[in-house]
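I opened my notebook and went through this structure one topic at a time. Here is what I looked up, in the order I wrote it down.

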Amino acid sequence: MDFLDLNRNLSEDDIALKKGAHKFAKEVMRPIAKELDEMSPREVIAPESPFWDFMRKGYELGYHKILMPPPFGLDLTPLQQTIVMEELAWGSAGLTVALTVSCFHAFLGCLNPEEDIVKNIITPFCDCTDASIIGCWGLTEPDHGSDTVMTHHPLFHDPSIKAQCRAALEGDEWVINGQKASWVSCGTIASHCALFCSLDNSMGMAGGGIAIVPLDLPGVSKGEPLNKIGQRDLNQGEIFFDNVRIPKSYMLIGTDLYENMLELTLSMTTALMGVFGTACARAAFEESLEYAKERVQGGKPLIEHPNIKMKLFRMFQQVEVSRQISRAAYLYNKDNEVPAEEYSIVAKLQGTQAAFDVCCEAIMLFGGNGLSKEYLIEKLFRDAKAMLIEDGSNESLAIAGGHKLIQHYPRISGQHSI
Ligand SMILES: Cc1cc2nc3c(=O)[nH]c(=O)nc-3n(C[C@H](O)[C@H](O)[C@H](O)COP(=O)(O)OP(=O)(O)OC[C@H]3O[C@@H](n4cnc5c(N)ncnc54)[C@H](O)[C@@H]3O)c2cc1C
């Protein structure tokens, strides 16, 4: 379905990228996501699974390096990144997350692009076309979920809150011990991890570092793929580290920059979650619009009943509002040394809540068919529920965002005053 874009300045390139991504989402992602949704977590990642067809095609098209900065990636503008990401997530939120986290180790490697990191990490990933190099983001731990994302909140500096995954410097190597949670996206299939681990537990969660860990090293093991209700096409699982040794240069960020770098990363990922939410809400709106044209009740198509027109308009409103704030927050915070994470949190809360609310409303509009596996709506609904927790629960992000807002309010009002 072709919709207006409120941005009248989209270039021919922007539109071509959008069309290309939409075609891939419609022809490849939607059908594969449906198949995967009905498989067990083990079947999803088995060698013969269509998941690998999707990953290989995505890598061939270069979608795994959308976020990589120049000179390594596709050289897309931040706006183009959001346009492509929205189309892909319209095809499937779970599969889009799989592709997105795949670049995390290489993306963060760009923070410290020393020769060995470029040669061993960044270049092989960008050149990969068969999905044999897959990254993941190891942040959450079994005992620490929200604790890990509440940067600049007093809890983040509470020394009594101690991380479970730690690294210690021994000579020229960092030695890693501990565990990351079963929520790590691509956790059981990844070849590399962008590991956020503790270097100094006396600083609470703020005493962290960011490392690249090749997952074929001695001492790494993985758990079972996680079974869950939403985004079932996304592999997730635990990673264990038992005296895993990495070169000193693979620790990209130390405790001095950790909190700010995490905030910067979250400013990008939470805004992207807003984009994914927009896409999911849009998919549910479009399904509803088509269904309402065809389903006849009370002697006429649903769409001719005034309350249905109003419901469809409210859905459209949610999609459009979500797109505007998500794009704006991503564009503002991308490559901004001092991010305004509160705007990315607004984007995540708006976009993902819109996804959930539009999906709930869509199920009602579909009536009994909304509950049936024959229609896409029930899958979108389950995927949207996962989004409310993914990359930080909306509630704890709002708590952290409220704290930032109060702290930064003079800065914000100063910046924008006229
Ligand atoms: C689909 C999906 C993909 C994910 N991908 C990744 C990934 O790639 N890598 C990774 O590391 N993690 C990943 N996660 C994990 C995700 O970041 C965590 O689930 C999230 O941060 C919430 O943590 P938790 O599940 O431990 O919940 P908890 O932190 O235990 O929170 C439970 C409840 O308590 C509330 N709460 C928590 N703390 C406070 C507080 N201080 N004050 C008041 N209320 C509070 C929360 O809002 C929530 O409602 C993913 C999760 C999902 C669902």
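**Aromatic pairs.** I searched the whole structure for aromatic pairs, and the search gave 16 of them. I picked one to look at: in phenylalanine 51 and phenylalanine 54, the ring centres are 6.4 Å apart and the planes meet at 55 degrees, so I noted the pair as tilted. I should add that I am working with a predicted model. Next I asked myself where phenylalanine 51 and phenylalanine 54 lie. Both belong to helix α3, residues 50-60, and three residues, or about one turn of the helix, separate them.

**Backbone oddities.** I then went looking along the backbone. As a reminder to myself, most peptide bonds are trans, and most residues other than glycine have a negative phi. Which peptide bond did I find to be cis? The bond is the one from proline 70 to proline 71, with omega near 10 degrees. I traced proline 71 to the loop between α3 and α4, the latter spanning 78-91. I also stopped at histidine 152, whose phi is positive, near 65 degrees, although the residue is not a glycine. Histidine 152 sits in the loop that runs between β1 (135-138) and β2 (166-170).

**Strands.** From β2 I moved on to its partner. I counted five bridges between β2 and β3, which pair in the antiparallel sense. To fix the register, I wrote down that alanine 167 is opposite isoleucine 176 in β3. How many residues lie between β2 and β3 in their hairpin? There are two, and glycine 171 in the turn shows a positive phi of about 65 degrees.

I followed β3 (residues 173-180) further and found β7 (residues 239-247) alongside, antiparallel, with seven bridges. Here glycine 178 faces phenylalanine 241 in β7. I met phenylalanine 241 again when I looked at β6: this residue of β7 is the bridge partner of valine 220. Strand β6 covers residues 220-222, and three bridges tie it to β7 in an antiparallel arrangement.

**The ligand.** I saved the ligand for the end. I listed 20 residues around it, and the closest are Trp137, Thr140, Ser146, Ser185 and Ser393. I sorted the shell by type and got eight nonpolar, nine polar and three charged residues. Which helix gives the most to this shell? My note says helix α12, residues 394-416, with three residues.

I checked some polar contacts as well:

- A polar backbone atom of tryptophan 137 is 2.7 Å from a nitrogen atom of the ligand.
- In threonine 140, a side-chain N or O atom is 2.7 Å from a ligand nitrogen.
- In serine 146, a side-chain N or O atom is 2.6 Å from an oxygen atom of the ligand.

I then looked up how much of the ligand is covered: alone it exposes 980 Å², and the protein buries 72% of that.

My last entry asks why I can say that the ligand lies between two domains. Domain 2 (135-256) and domain 3 (258-411) both supply residues to the shell, so the ligand lies between them.

Definitions and conventions. Residues numbered from 1 in each chain as written. Predicted model: local features only at pLDDT ≥ 70, side-chain atom pairs only at ≥ 80, totals over all residues. Heavy atoms only, no water. Near = heavy atom within 4 Å. Polar contact = N/O pair within 3.5 Å; in protein donor to acceptor, adjacent residues only side chain to side chain. Areas by Shrake-Rupley, 256 points an atom, 1.4 Å probe, with all protein chains shown as cover. Helix = DSSP H or I, 4+ residues; strand = E, 2+ residues; numbered from the N terminus. Nonpolar A, V, L, I, M, F, W, Y, C, P; charged D, E, K, R; others polar. Domains from an automatic or database assignment. Pairing = 2+ DSSP bridges. Phe/Tyr/Trp six-rings, centres within 6.5 Å; stacked < 30°, edge-to-face > 60°.
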